[in-house]
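This briefing sets out what can be read from the model shown below. It begins at one backbone position and then turns to the helices, the charged pairs, the core and the overall form.

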Amino acid sequence: MEKEMNEFIGLENLKEQFLRFTRTQLQNDRRKRLGRKIDDDSPIHLVFAGNPGTGKTTFARRVAGTQ
């Protein structure tokens with residue numbers, strides 16, 4: 001996933017936030033497998049907001065593996 005994001009030029013803030021979110025989710029998954037309780041078990045969702053033509057949809061498709 002990091003490889004896909006590194007192919008994007010710009011969007012540094014989005015990439016940084018997305019990596020932080022992804023690492024948190026992976027760590028929570030590991031904790032669950034170890035039988036530890038996770039405080040927040042809410043559904044996972046993201047909202048990309050910004051001006052048209054900035055790459056939001058392309059970014060989302062790339063990290064989802066659909067493009």
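## Briefing on the predicted model

Glycine 35, just after α2, takes a positive phi of about 85°. The model is predicted. Its chain contains three helices and zero strands, and the elements run α-α-α from the N terminus on. The radius of gyration of the chain is 14 Å, well over the 11 Å that the globule rule gives for 67 residues, so the chain is more spread out than a compact globule.

**Backbone at the ends of α2**

- Besides glycine 35, with its positive phi of about 85°, leucine 11 also deserves attention: its phi is near 55°, a positive value in a residue other than glycine.
- Most residues other than glycine have a negative phi.
- Leucine 11 belongs to the loop between α1 and α2.
- With a relative accessible area of 25%, leucine 11 is partly exposed, because that value lies between the 20% limit for buried and the 50% limit for exposed.

**Helix α2**

- Helix α2 covers residues 12-33, which makes 22 residues.
- At 1.5 Å a residue this helix should span 32 Å, and its end C-alpha atoms are 32 Å apart, so the expected and computed spans agree.
- The buried residues in α2 are Lys15, Phe18, Leu19, Thr22 and Asn28.
- The cover over these buried residues includes α1 (2-6) and α3 (56-64).

**Salt bridges**

- How many salt bridges does a search of the whole structure find? The search finds two.
- One salt bridge joins the side chains of glutamate 12 and lysine 15, at 3.1 Å from N to O.
- Glutamate 12 and lysine 15 both lie in α2, three residues apart, which is about one turn of the helix.
- Are the two partners buried or exposed? Glutamate 12 is exposed, with a relative accessible area of 52%, whereas lysine 15 is buried, with 8%.
- Arginine 20 and glutamate 16 form a salt bridge whose closest N and O atoms are 4.0 Å apart.
- Arginine 20 and glutamate 16 are four residues apart in α2, so about one helical turn separates them.
- Arginine 20 is partly exposed at a relative accessible area of 47%, and glutamate 16 is partly exposed at 48%.

**Nonpolar core and its surroundings**

- The largest nonpolar core has five residues, namely Met5, Phe8, Phe18, Leu19 and Phe59.
- Among these core residues, Phe18 and Leu19 are also listed as buried in α2.
- Leaving aside residues up to four places away in sequence, phenylalanine 8 touches Lys15, Gly55, Thr58, Phe59 and Arg62.
- One of these contacts of phenylalanine 8 is Lys15, the residue that meets glutamate 12 in a salt bridge.

**Overall form and surface**

- The C-alpha trace of the chain spans about 45 × 20 × 20 Å along its principal axes.
- Of the 67 residues of the chain, 15% count as buried.
- The accessible surface comes to about 5,600 Å², and 49% of it belongs to carbon and sulfur atoms.
- Among contacts between residues at least 6 apart in sequence, 48% join residues at least 24 apart.

Conventions: Residues numbered from 1 in each chain as written. Predicted model: local features only at pLDDT ≥ 70, side-chain atom pairs only at ≥ 80, totals over all residues. Heavy atoms only, no water. Helix = DSSP H or I, 4+ residues; strand = E, 2+ residues; numbered from the N terminus. Expected span 1.5 Å × (residues − 1). Buried < 20%, exposed > 50% of the residue type's maximum accessible area, 1.4 Å probe, protein only. Contact = heavy atoms within 4.5 Å. Rg over C-alpha atoms; globule rule 2.2 N^0.38 Å. Areas by Shrake-Rupley, 256 points an atom, 1.4 Å probe, with all protein chains shown as cover. Core = buried A, V, L, I, M, F, W, Y, C linked by side-chain atoms within 4.5 Å.
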